[in-house]
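Student: I have a new structure to read. Can you take me through the terms and show how each one is justified?

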Amino acid sequence: MEIGGNDQHSFLSPSSSSSLSSSEEIMKHVHKRGTIWTALAHIITAVIGSGVLSLAWSISRLGWIAGPLTMLAFASVTLTSAFLLCNCYKSSDPNNGVYRNGSYLDAVQRILGKKSAWFCGIIVRINFIKLGIVYTITSAISMRAIQRSNCFHNKGHKDACKYGNTYYMIAFGTIQVIVSQIPDFRNTEWLSVIAAIMSFTYATIGSALGLAKVIENGEIKGTIGGVPTSTVVDKIWSISQALGDIAFAFPFSLIFLEIMDTLRPNPPEKVIMKKASVVAVFVTTFFYLCCGGFGYAAFGNSTPGNLLTGFGFYEPYWLIDFANACVVLHLVGGYQVFSQPLFAGIEKSIGKKFPNSAFVHGTLKQLPVLRLNLMRLSLRTTYVAFTTGFAILFPYFNQVVGVAGAINFWPVVVYFPVEMYLAQKGIVPWTSKSVIFRVYSFVTLLVILFAFVGSIKGLITARFS
């Protein structure tokens, strides 16, 4: 998502913000137009995505009590992260006054130093790559679901209608190779608009279908303990995977400061972002509880891993087709929204190392409109081939989503915000507030490690079973 026309490289490399005393900084903020409504829209658009499709499955693993409570717990952690990051937007410098940190990585570098920023940069890159893989898998599953839906409609619900994922993943990858040649991040605004509309559409359809199924059944399915397993160990592993899937659905910390940097300076950005965060987390949590809850209530222990592709729903087939088409359109755009900053950062770094290389800087005369060169074509095609290849190797939606949710949740949502807050406020170790935050960070680390290990185990089991 393009956030207010900020530096396209801001996710990957700290921008060169100036102090508030300079005329350039004053002019920059005169042109800011963001309000609580734009901030709210950006947050909700960023949060509601393909992760919503796995929430019914997650609740089925946790049960009617632990499932909703876990979602509320992750919502609370996400909101806590937002409040902590509000205090990281402005940081003081003894020589230059006050800086506005226009991106997450800016804040980490200025408050915690270059070593932390280096580590954070790796985490950010992992985040982009994991989303590319998840989006490839989800899109392929949705494309296959459209074909299966039409097959069930024409041949009956008892027909096998089996189709593979590989061809669809290759098709999605081919589309991304072409779309990836968009020159830079600013040119993806139209994709972001389409992606936002599509995400709301398919999530709403999924919730509505779940509610309709509950009404049709005339009962609320599911149990307090969730899906039973043959052994306690299996139950523990299934719970850990559910935690990873829920972790994937909530965070928006990486784009938080970029959204904040679009707001008008009056009233203070901190005040506006706190209000927007509370409303956004409340809305998305309510939406998630409805989508996950209706899905579990409709199917109980038979809840599919993906609400729109597991074929608990057969009719109306055209609505299921439409919802899955929305998923594909959303993820075509979403893939680029998260890949373009990665491309920009890597290409900028290569460009600096090889300033006189025709391979890096030369433009193909045959395609002047795209400003295409061999380096961009090679790099971006290789990246798409990697994410597509990984998706083909591990085409397991819930397991991959679980790994993706757990792999960087703790450093991005908990560790860095806590450390930056403590540093900003000058809170010394072993004070009551310091101890509380350290315990909070440690407990969430244990939960996420549990989710990560379980999701890795599930992914390996699925691959070799």
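Student: Which residues have the most contacts inside the largest nonpolar core?

Tutor: They are Tyr202, Phe256, Met273 and Tyr288. The core itself has 115 residues. Helix α5, residues 114-155, gives the largest share, with 13 residues. Keep in mind that this is a predicted model.

Student: What other core lies apart from it?

Tutor: Another core, of 5 residues, lies apart. Among its members are Ala145, Cys151, Cys161 and Phe311.

Student: What makes a set of residues a nonpolar core?

Tutor: The residues must be buried, of a nonpolar kind such as Phe or Met, and joined through side-chain atoms within 4.5 Å. In soluble globular proteins, nonpolar side chains tend to be buried together.

Student: What is Tyr202 in contact with, beyond its neighbours within four places in sequence?

Tutor: Gly49, Ser50, Val52 and Leu53 are among the partners of Tyr202. So are Leu308, Ala323, Cys326, Val327 and His330.

Student: How much of the protein counts as buried?

Tutor: Of its 465 residues, 54% count as buried. The protein has 16 helices and 2 strands.

Student: Why is Ser207 called buried?

Tutor: Its relative accessibility is 10%. Buried means under 20%, so Ser207 qualifies. Ser207 is in helix α7, residues 189-217. Beyond residues up to four places away in sequence, Ser207 touches Cys290, Cys291 and Phe294.

Student: How do you know whether Cys88 is buried or exposed?

Tutor: The relative accessible area of Cys88 is 0%. The limit for buried is under 20%, so Cys88 is buried. Cys88 is in the loop between α3 and β1.

Student: Which residues is Cys88 in contact with, leaving aside neighbours within four places in sequence?

Tutor: Asn101, Ala107, Ile111, Met420, Tyr421 and Gln424. Take Gln424: Cys88 and Gln424 are 336 residues apart in sequence. In space their C-alpha atoms are 7.1 Å apart.

Student: What share of the contacts with a separation of 6 or more comes from residues 24 or more positions apart?

Tutor: In this protein, 83%.

Student: Why is Ile36 called partly exposed?

Tutor: Its relative accessible area is 26%. Buried needs under 20% and exposed needs over 50%, so Ile36 falls in between. Ile36 is in helix α2, residues 36-47. Not counting residues up to four places away in sequence, Ile36 touches Ile272, Lys275 and Ala276. Ile36 and Val271 are 9.5 Å apart, C-alpha to C-alpha, with their positions 235 residues apart in sequence.

Student: What makes α3 and α9 oblique to each other?

Tutor: Their axes cross at roughly 40° and come within 10 Å. Angles under 35 degrees count as roughly parallel, and 65 to 115 as roughly perpendicular. Roughly 40° fits neither class, so α3 and α9 are oblique. The crossing is right-handed.

Student: Which residues make that contact between α3 and α9?

Tutor: From α3 come Ser81, Ala82, Leu85 and Cys86. From α9 come Ser253, Phe256, Leu257 and Met260. By class, the contact has 6 nonpolar, 2 polar and no charged residues.

Student: Why is α5 also called oblique to α13?

Tutor: α5 and α13 pack at about 55°, with their axes 8 Å apart. Roughly perpendicular starts at 65 degrees and roughly parallel is under 35, so α5 is oblique to α13. This crossing is right-handed.

Student: What makes up the contact of α5 with α13?

Tutor: α5 supplies Phe128, Ile129, Gly132, Ile133, Thr136 and Ile137. α13 supplies Tyr383, Phe386, Thr387, Thr388, Phe390 and Ala391. The classes are 8 nonpolar, 4 polar and no charged residues.

Student: How do you know that the bond joining Asn266 and Pro267 is cis?

Tutor: Its omega is about 0°, and the peptide bond is cis. Pro267 is in the loop between α9 and α10.

Student: What is phi of Trp430?

Tutor: Phi of Trp430 is near 70°, a positive value in a residue other than glycine. Most residues other than glycine have a negative phi, and most peptide bonds are trans.

Student: Why is Trp430 called exposed?

Tutor: Its relative accessible area is 79%. Exposed means over 50%, so Trp430 is exposed. Trp430 is in the loop between α15 and α16.

Terms used. Residues numbered from 1 in each chain as written. Predicted model: local features only at pLDDT ≥ 70, side-chain atom pairs only at ≥ 80, totals over all residues. Heavy atoms only, no water. Buried < 20%, exposed > 50% of the residue type's maximum accessible area, 1.4 Å probe, protein only. Helix = DSSP H or I, 4+ residues; strand = E, 2+ residues; numbered from the N terminus. Contact = heavy atoms within 4.5 Å. Axes fitted to C-alpha atoms, helices over the stretch in contact; angles between N-to-C directions. Parallel < 35°, antiparallel > 145°, perpendicular 65-115°, else oblique. Left-handed = near helix turned anticlockwise from the far one by under 90°. Nonpolar A, V, L, I, M, F, W, Y, C, P; charged D, E, K, R; others polar.
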